[in-house]
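Q: Please show how to read a few features of a model, starting with the cysteines.

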Amino acid sequence: MGTMVGMKDIAAITTCVKKHMRSHMYDIEPAWPFPVPVGLPDQAFLETNAIAVHDNNNEIRQWASKNGCEIITKHRTIGTSVELISKVVVPDESIAMRVVGRTLAAECREARRRIACLVAACDVAPETIESAARMTGHEQPDDFDLLVSAVRYFRHHDVTGMTPRQIPLTGFSGKWLNESKTNRRKAICRLLGVETLGLSKRPTELRFRYLDPVRDDAELERIIWCPWEGEALSGIKYAVIVENKDTYQTMPPIAQGICIWGSGRAVSDAVPAVPALRDMRIVYWGDMDADGLEILSTLRLSLIHISEPTRLQLI
């Protein structure tokens, strides 16, 4: 029936309702009733396919009655005057949920719950709430509820200068806030009507150990907090930055050298914040993958003022 020229069948009508629901499930104002034009074919098609048109019309009528949908009809002539359905009207959201099936209905109920939570928690324009709900639509329910709790907390507390870990909300952290491929921070700011949350980053730490065999403390690991301008790197001429901890722990002796454990992307933030490193010959020994090359690129940019380009190398 779906290929019947100019006419929709039950499957096509259902598809229209699903599309409408997906487009409007985060709307505060009701998006119902929703009329779906069935599409009546021309007279020539009606006369040639009278039985098929009649069967499709009856199926739609029975389906609409079963699901609580309304119908609008028009009289057409197929030998004699017949009443054909021109539109199926989904009167409200509860009926729509019956039409679209359990999976999409569950998504819609969760979306409505989220809209209600945001309306209760935020004193902002409806379009702002709708926008934030759509931005975070992919979030798991627990993560969304934490976001709402964060908005409530930030509305009544000055968090300027605090780190995410200092926010007294279970599960709230810098990692949660900055989780890749999420809009959590952006949504919170939008709901609060601010450009930034004013939170501080946790101080970046740089782990290193001396490689010079003449030092008595060559086997000891050192940790410095960045930014840092102490004397622990005085006299050091060479630095090897590695990603892998095993490599870090087994790096052989290098006179006047240190080995820095990059520990992922943290090294990209730490190295520029340690002025003593700018005067060293730096070798980055990282993985030949996307992350490793991106870290290398960041390091090169941060040390761009070094006169000798060979001071930052990829092994």
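A: This is a predicted model, in which local features need pLDDT of at least 70, side-chain atom pairs count only at pLDDT 80 or more, and totals for chains, interfaces and linings use all residues. Residues are numbered from 1 along each chain as its sequence is written, and side-chain values use heavy atoms, with hydrogens and water left out.

Q: Why is Cys108 not bonded to Cys117?
A: A disulfide is a pair of cysteine sulfur atoms within 2.5 Å. The closest cysteine sulfur to that of Cys108 belongs to Cys117 and lies 15 Å away, which is too far for a bond. The structure holds zero disulfides. Cys189 is likewise in no disulfide, its nearest cysteine sulfur being that of Cys122 at 12 Å.

Q: Is Cys108 buried or exposed?
A: Buried means under 20% relative accessible area, exposed over 50%, and partly exposed in between (1.4 Å probe, protein chains only). Cys108 has 0% and is buried. Cys189, at 7%, also counts as buried.

Q: Which residues of α5 are buried?
A: Helices are DSSP runs of H or I with at least four residues, strands runs of E with at least two, numbered from the N terminus. The buried residues of α5 include Leu104, Cys108, Arg114 and Leu118. Among the elements that cover the buried residues of α5, by contact (heavy atoms within 4.5 Å), are α1, α4 and α9.

Q: Where is Asp279?
A: Asp279 sits in the loop between α11 (266–270) and β8 (281–285). With 65% relative accessibility, Asp279 counts as exposed.
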